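Visitor: I have a structure open and would like to learn how to read it, one feature at a time. Where should we begin?

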Amino acid sequence: MRRKVIAGNWKMNNDLKETQNLISKLSSGLPLDNLNCDVIVCPPFTSLFEAHTLLKGTKIKLGAQNMYYESSGAFTGEISVAMLKSVGCEYVLLGHSERRTIFGETDELINNKIKKAISSGLKPIFCIGELLEEREAGITENIIEKQLKFGLKNISSEEIVNVIIAYEPVWAIGTGKTASPEQAEEVHKFIRSLINEKYGESISQNIIIQYGGSVNSKNAKELLFQKNIDGALIGGASLKADSFIEIIQAT
Ligand code: PGA
């Protein structure tokens with residue numbers, strides 16, 4: 001049985017004060033010692049240290065939304081893995097569609113980041129997903145296959161066990177349009193079959209594949225009920241303690 005993983009991607013939201021408010025509501029609303037799923041929050045960089053301090057003693061884990069693959073040096077505006085680890089991060093979102101489309105991140109760059117994260121002890125949540133026109137053109141599987149192939153290039157069996165995959169159809173992100181549970185399940189099953197081809201049965205059965213894209217407290221249960229959906233990556237609905245807690249409870 002795979003344990004479900006619920007992650008909140010706060011994106012460019014919540015200053016320090018708002019971070020303190022949201023974390024305090026989350027930690028008082030969730031049982032401290034016994035959660036039936038793993039919970040991760042990914043605040044913006046400026047809130048990571050504060051979030052880490054406030055999350056001590058809770059079961060909620062911390063993730064960052066991005067990083068660079070070099071260790072240090074003249075990379076103005078970038079953040080290294082060591083910096084993220086020093087403020088308590090265990091996870092990092094990589095390959096998010098907003099990074100790909102707005103900031104022009106390529107599969108090759110994402111692959112370099114994934115390799116660096118794993119070798120330095122940070123667990124990547126590796127996001128993949130097709131655009132609306134790609135789904136309409138019937139090439140969803142080709143896109144998913146390509147993103148997985150290049151994103152996971154030269155990632156060994158020992159390394160892949162540290163990776164969470166998040167399937168996020170781009171047309172469902174922040175739009176209120178969720179993939180139907182059946183549509184999502186179909187792609188999740190396909191992703192698991194590709195992992196099976198590359199890494200074998202045992203790894204493919206254990207790897208966590210989250211769904212993301214307009215998940216909320218109303219649709220979460222049905223999505224999370226699907227055989228190959230092992231959790232959710234949540235944007236908008238993770239910004240309100242009540243809805244995030246309801247999604248966690250839906251597991
Ligand atoms: P959304 O975002 O839940 O607001 O659609 C999900 C994501 O981008 O990770």
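Guide: Begin with the nonpolar core, and keep in mind that this is a predicted model. The largest nonpolar core has 66 residues. Those touching the most other members are Ile-6, Val-41, Leu-148, Ile-165, Ile-191 and Tyr-211.

Visitor: Which helix gives the most to this core?

Guide: Helix 9, residues 181-199, with seven residues. There is also a second core, separate from that one, made of 12 residues. Among its members are Ile-40, Cys-42, Leu-93 and Ile-164.

Visitor: How do I read the burial of a whole helix, and why is helix 12 described as largely enclosed?

Guide: Count its buried residues, where buried means under 20% relative accessible area. In helix 12, seven of the 10 residues are buried, so the rest of the structure largely encloses this helix. The buried ones are Ala-241, Ser-243, Phe-244, Ile-245, Ile-247, Ile-248 and Ala-250.

Visitor: What covers the buried residues of helix 12?

Guide: The cover includes three strands and two helices by name: strand 1 (5-9), strand 2 (38-42) and strand 8, along with helix 1 (16-29) and helix 11 (220-224).

Visitor: Take one residue of that helix. Is Phe-244 buried or exposed?

Guide: Phe-244, in helix 12, is buried, since its relative accessible area is 0%. To see what surrounds such a residue, list its contacts and set aside its close neighbours in sequence. For Phe-244, leaving out residues within four places, the list is Ile-6, Ala-7, Gly-8, Leu-26, Val-39, Ile-40, Val-41, Ile-234, Ala-237 and Ser-238. For a distance across the model, Phe-244 and Ser-156 are 34 Å apart, C-alpha to C-alpha, with their positions 88 residues apart in sequence.

Visitor: Ser-238 is in that list. Where does Ser-238 lie?

Guide: Ser-238 sits in the loop that runs from strand 8 (231-234) to helix 12 (241-250). A loop residue still has to be checked for accessibility. Ser-238 counts as buried, because its relative accessibility is 0%. Beyond four places in sequence, Ser-238 touches Gly-8, Asn-9, Trp-10, Leu-22 and Phe-244.

Visitor: What lies 3.1 Å from a polar side-chain atom of Ser-238?

Guide: The backbone oxygen of Ile-234.

Visitor: Now the ligand. Which residues come nearest to the ligand?

Guide: There are 13 residues around the ligand, and the nearest are Lys-11, His-96, Glu-168, Gly-174 and Ser-214. Next, sort the shell by class. Four residues are nonpolar, seven are polar and two are charged.

Visitor: And how do I read the polar contacts to the ligand?

Guide: Look at which protein atom faces which ligand atom, and at what distance. Lys-11 has a polar side-chain atom 2.7 Å from a ligand oxygen. For Asn-9, a polar side-chain atom is 3.5 Å from an oxygen atom of the ligand. Gly-174 takes part through its backbone, with a polar atom 2.7 Å from a ligand oxygen. The ligand on its own exposes 280 Å², of which the protein buries 95%.

Visitor: Ser-214 was among the nearest residues. What is the phi of Ser-214?

Guide: Phi is positive, at about 55°, although Ser-214 is not a glycine. Ser-214 lies in the loop between strand 7 (209-212) and helix 11. Asn-154 also has a positive phi, near 60°, and is a residue other than glycine. Asn-154 belongs to the loop between helix 7 (140-151) and helix 8 (157-160), and counts as exposed because its relative accessibility is 60%.

Visitor: Charged side chains next. Is Arg-100 buried or exposed?

Guide: Read the percentage, not the residue type. Arg-100, in helix 4 (residues 97-101), counts as buried at 15% relative accessibility. Setting aside residues up to four places away, Arg-100 touches Gly-95, Glu-105, Asp-107, Ile-110, Phe-126, Cys-127, Ile-128 and Gln-147.

Visitor: And what is the relative accessible area of Lys-123?

Guide: It is 31%, so Lys-123 is partly exposed. Lys-123 lies in strand 5, residues 123-128. Among residues more than four places away in sequence, Lys-123 touches Glu-90, Tyr-91, Val-92 and Asn-162. Lys-123 and Leu-109, 14 residues apart in sequence, are 17 Å apart in space, C-alpha to C-alpha.

Key. Residues are numbered from 1 along each chain as its sequence is written. This is a predicted model: local features need pLDDT of at least 70, side-chain atom pairs count only at pLDDT 80 or more; totals for chains, interfaces and linings use all residues. Side-chain values use heavy atoms; hydrogens and water are left out. A residue is near a molecule or strand if one of its heavy atoms lies within 4 Å of it. A polar contact is a pair of N or O atoms within 3.5 Å; within protein, one must be able to donate a hydrogen and the other to accept it, and residues adjacent in sequence count only if both atoms are side-chain atoms. Accessible areas come from the Shrake-Rupley method with a 1.4 Å probe; for residues, only the protein chains shown count as cover. Ala, Val, Leu, Ile, Met, Phe, Trp, Tyr, Cys and Pro count as nonpolar, Asp, Glu, Lys and Arg as charged, and the others, Gly among them, as polar. Helices (H or I, at least four residues) and strands (E, at least two) are DSSP runs, numbered from the N terminus. Buried means under 20% relative accessible area, exposed over 50%, partly exposed in between (1.4 Å probe, protein chains only). Contact means heavy atoms within 4.5 Å. A nonpolar core is a set of buried Ala, Val, Leu, Ile, Met, Phe, Trp, Tyr and Cys residues joined through side-chain atoms within 4.5 Å.
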